[in-house]
Amino acid sequence: MRIKKGSEVTFHYELRNEKGDLLDSTFGEEPVHYVHGDGEIVEGLEEFLEGEEPGFEAKVTIPPEKAYGVTREDLIVQAAPENFDDQVALEVGEVVETEDPDGHTVQFRIVEIDEDKVYLDGNHPLANQTLHYRVEVLEVA
């Protein structure tokens, strides 16, 4: 059976950045299960897997626009330290959550802290990066 919209797909992947650093891998671990066409994996990878079948193995390079997007400056914001609950650890690299005006949960990474400001980045950590995947399709149902 070939991968098409609505297919339940099981696959392994290895993810590397532009420098070749290994970012993530499911080889030797549990594979990924997703429903094709539901936007559960990055757009470029979903497009690449369209029409393939079990046993398919390949490498693909996905540009930022088809992966986690380009960096959006409007998602880099600042707040005063007193705007955070006492339970929130204000440390660079920590992820904090808030709600947008529509009530959806939004995550921000703390990227810098000075005496009177906390700088937050709401972009995905892999935004603006070209990604290199190695994939192996195991099952299509």
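Is Asn 128 buried, partly exposed or exposed? In this predicted model, Asn 128 has a relative accessible area of 48% and is therefore classed as partly exposed, since that class ends where exposed begins, over 50%. Asn 128 belongs to the loop between strand S8 (118–121) and strand S9 (131–140), and its phi is near 70°, a positive value in a residue other than glycine.

The strand that precedes this loop, S8, takes part in an open sheet of four strands, arranged in the order S5-S8-S7-S6 with antiparallel pairing. Strand S5 (76–79) and strand S6 (95–99) stand at the edges with a single partner strand each, so that one side of each has no neighbour in the sheet. On average, and with direction ignored, neighbouring strands of this sheet are turned by 40° against each other. The pairing of S6 with strand S7 (residues 105–113) extends over five bridges, and within the sheet Val 96 is placed opposite Phe 108 of S7. S7 and S8 pair over four bridges in the antiparallel sense and are joined by a hairpin through four residues; here Ile 113 faces Val 118 of S8. S5 and S8 likewise pair in the antiparallel sense, over four bridges, with Ala 79 standing opposite Val 118. A salt bridge also connects S7 and S8, as Asp 121 in strand S8 and Arg 109 in strand S7 lie 12 residues apart in the chain, and their closest N and O atoms are 3.6 Å apart. Of this pair, Asp 121 is buried, with a relative accessible area of 12%, whereas Arg 109, at 23%, is partly exposed.

Beyond the end of S5, Ala 80 lies in the loop between S5 and S6 and, with a relative accessible area of 19%, is buried, because the limit for that class is under 20%. The C-alpha atoms of Ala 80 and Ser 7, which are 73 residues apart along the chain, are separated by 47 Å.

In soluble globular proteins, nonpolar side chains tend to be buried together. The largest nonpolar core of the model comprises 21 residues, and those with the most contacts inside it are Phe 11, Leu 45, Leu 49, Tyr 133 and Val 135. At least two residues of this core are supplied by each of S1, helix H1 (43–49), strand S4 (57–62) and S9, with S9 giving the most, namely five residues. Apart from this core lies another one, of seven residues, which include Ala 79, Val 96, Phe 108 and Val 118. As for Tyr 133, its contacts outside its neighbours within four places in sequence include Tyr 13, Glu 14 and Leu 15, together with Val 42, Leu 45, Ala 58 and Tyr 68.

Two residues of strand S1 illustrate polar groups in buried positions. Thr 10, found in strand S1, is buried with a relative accessible area of 7%, and its side chain is joined to that of His 33 by a polar contact of 2.8 Å. Leaving out residues up to four places away in sequence, Thr 10 touches Pro 31, Val 32 and His 33 as well as Glu 136, Val 137, Leu 138 and Glu 139. Glu 14, also placed in strand S1 (residues 8–16), counts as buried at 15% relative accessibility, and its side chain makes a polar contact of 3.1 Å with the side chain of Arg 16. Among the residues that Glu 14 touches are Leu 22, Asp 24, Phe 27, His 132 and Tyr 133.

Seven salt bridges are found in the whole structure. In one of them Glu 14 is paired with Arg 134, the closest N and O atoms being 3.4 Å apart; because Glu 14 lies in strand S1 and Arg 134 in strand S9, the pair ties together parts that are 120 residues apart in sequence. Arg 134 is partly exposed, with a relative accessible area of 28%. Salt bridges that share partners join Glu 14, Arg 16 and Arg 134 into one network. A further salt bridge links Glu 43 with Lys 66, at 3.3 Å between the closest N and O atoms; Glu 43 lies in helix H1 and Lys 66 in the loop between S4 and S5, so this pair ties together parts that are 23 residues apart in sequence. Glu 43 is partly exposed at 41% relative accessibility, and Lys 66 is partly exposed with a relative accessible area of 29%.

Technical notes: Residues are numbered from 1 along each chain as its sequence is written. This is a predicted model: local features need pLDDT of at least 70, side-chain atom pairs count only at pLDDT 80 or more; totals for chains, interfaces and linings use all residues. Side-chain values use heavy atoms; hydrogens and water are left out. Buried means under 20% relative accessible area, exposed over 50%, partly exposed in between (1.4 Å probe, protein chains only). A polar contact is a pair of N or O atoms within 3.5 Å; within protein, one must be able to donate a hydrogen and the other to accept it, and residues adjacent in sequence count only if both atoms are side-chain atoms. Contact means heavy atoms within 4.5 Å. Two strands pair if DSSP finds at least two bridges between them. Axes are lines fitted to C-alpha atoms, for helices over the stretch in contact, and angles run from 0 to 180 degrees between N-to-C directions. A nonpolar core is a set of buried Ala, Val, Leu, Ile, Met, Phe, Trp, Tyr and Cys residues joined through side-chain atoms within 4.5 Å. A salt bridge is a side-chain nitrogen of Lys or Arg within 4 Å of a carboxyl oxygen of Asp or Glu.
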